[in-house]
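Reader: I have a model open on my screen and I'd like to go through the labels people put on it. Could you take me through the reasoning behind each one?

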Amino acid sequence: MASVPGIKGANRTQGRQRWPRAKAKEETKDEWNTQRIRNLGVLYAIPDFVSLFLVSRMAFSTKLHHVCVVVFMVANLFNDYSDDGVGRALVVYAVFSTFAYLVNLLLASRFLQVNARMALAMSVVALVVYGSCLCINWLWQLRYVLGRWYMTDTTGRLALAVYLSFIAMVVYDDLVLVSWLRLNVKRKLKVQ
């Protein structure tokens, strides 16, 4: 056996683990801290709520998006996340949305003096990160909602339908923003 440099008596096979085996549901950590999620949900919704009153020039799709976020925040205050329900899909959507923070930085940079190369780089990275987050998020959402649809009763299906009707408005605004990002990258490339 070959030895590991710097560790006397150790060999390369010691401590090596094989691929982790599939865990039973009882072994997975499926804990959702309701109070923490509620607190983070309120913090998440504050900028959207405030911008509804302070930003005069906002696209209608973005206004709908912000109203949906506020409605979701109110629903969040009454949801128990320890139960596996549609509220968990909302949490996952919000988490993926926070990964795309670079888009918000790019939108804010429109009001700052940013050199052309930096603006192009930010635009390209924002488009790639945002597009990737959306694709992964939407695939997860589709899998989760379809799984819940076939495993739930009429009340659960009604909750899913309400969730889907509101999240569709958020998705529409996400698509509008992706379109803007693509046009922004093309515009920046022409300037270069």
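Author: Sure, and keep in mind that this is a predicted model. Let's start where α1 meets α2: on the α1 side you have Ile37, Arg38, Gly41, Val42, Tyr44, Ala45, Asp48, Phe49, Ser51 and Leu52, and on the α2 side Lys63, His65, His66, Val67, Val69, Val70, Met73 and Asn76.

Reader: What kinds of residues make up the contact of α1 with α2, by class?

Author: There are 10 nonpolar, five polar and three charged residues in it. Gly41 of α1 is in the contact, and Gly goes with the polar class.

Reader: Why is α1 called roughly antiparallel to α2?

Author: Look at the angle. The axes of α1 (residues 34-54) and α2 cross at roughly 150° and come within 9 Å. The label needs an angle over 145 degrees, so α1 counts as roughly antiparallel to α2. As for handedness, α1 passes α2 in a left-handed crossing.

Reader: And what makes α2 oblique to α6?

Author: Their angle is about 140°, with the axes 9 Å apart. Roughly antiparallel starts over 145 degrees, and roughly perpendicular covers 65 to 115. An angle of about 140° fits neither range, so α2 is oblique to α6. The crossing of α2 past α6 is left-handed.

Reader: Which residues make that contact between α2 and α6?

Author: From α2 they include His65, Cys68 and Phe72, and from α6 they include Tyr163, Phe166 and Asp174. By class, the contact of α2 with α6 has 11 nonpolar, three polar and two charged residues.

Reader: Which residues touch the most other members of the largest nonpolar core?

Author: Phe72, Val103, Tyr130, Tyr163 and Leu181 do, in a core of 22 residues. At least two core residues come from each of α2 (60-76), α3 (86-99), α4 (101-109), α5 (116-151) and α6 (154-191). The biggest giver is α6, with seven residues.

Reader: How do you know that Tyr130 belongs in a nonpolar core?

Author: Membership takes a buried residue of a listed type, Tyr among them, joined through side-chain atoms within 4.5 Å. Tyr130 is one of the core's members, so Tyr130 is buried, that is, under 20% relative accessible area. Beyond its neighbours within four places in sequence, Tyr130 is in contact with Ala100, Val103, Asp174, Leu177, Val178 and Leu181.

Reader: What pattern does the whole chain follow?

Author: Along the sequence the protein chain reads α-α-α-α-α-α, with six helices and zero strands. Of its 192 residues, 31% count as buried.

Conventions: Residues numbered from 1 in each chain as written. Predicted model: local features only at pLDDT ≥ 70, side-chain atom pairs only at ≥ 80, totals over all residues. Heavy atoms only, no water. Buried < 20%, exposed > 50% of the residue type's maximum accessible area, 1.4 Å probe, protein only. Helix = DSSP H or I, 4+ residues; strand = E, 2+ residues; numbered from the N terminus. Contact = heavy atoms within 4.5 Å. Axes fitted to C-alpha atoms, helices over the stretch in contact; angles between N-to-C directions. Parallel < 35°, antiparallel > 145°, perpendicular 65-115°, else oblique. Left-handed = near helix turned anticlockwise from the far one by under 90°.
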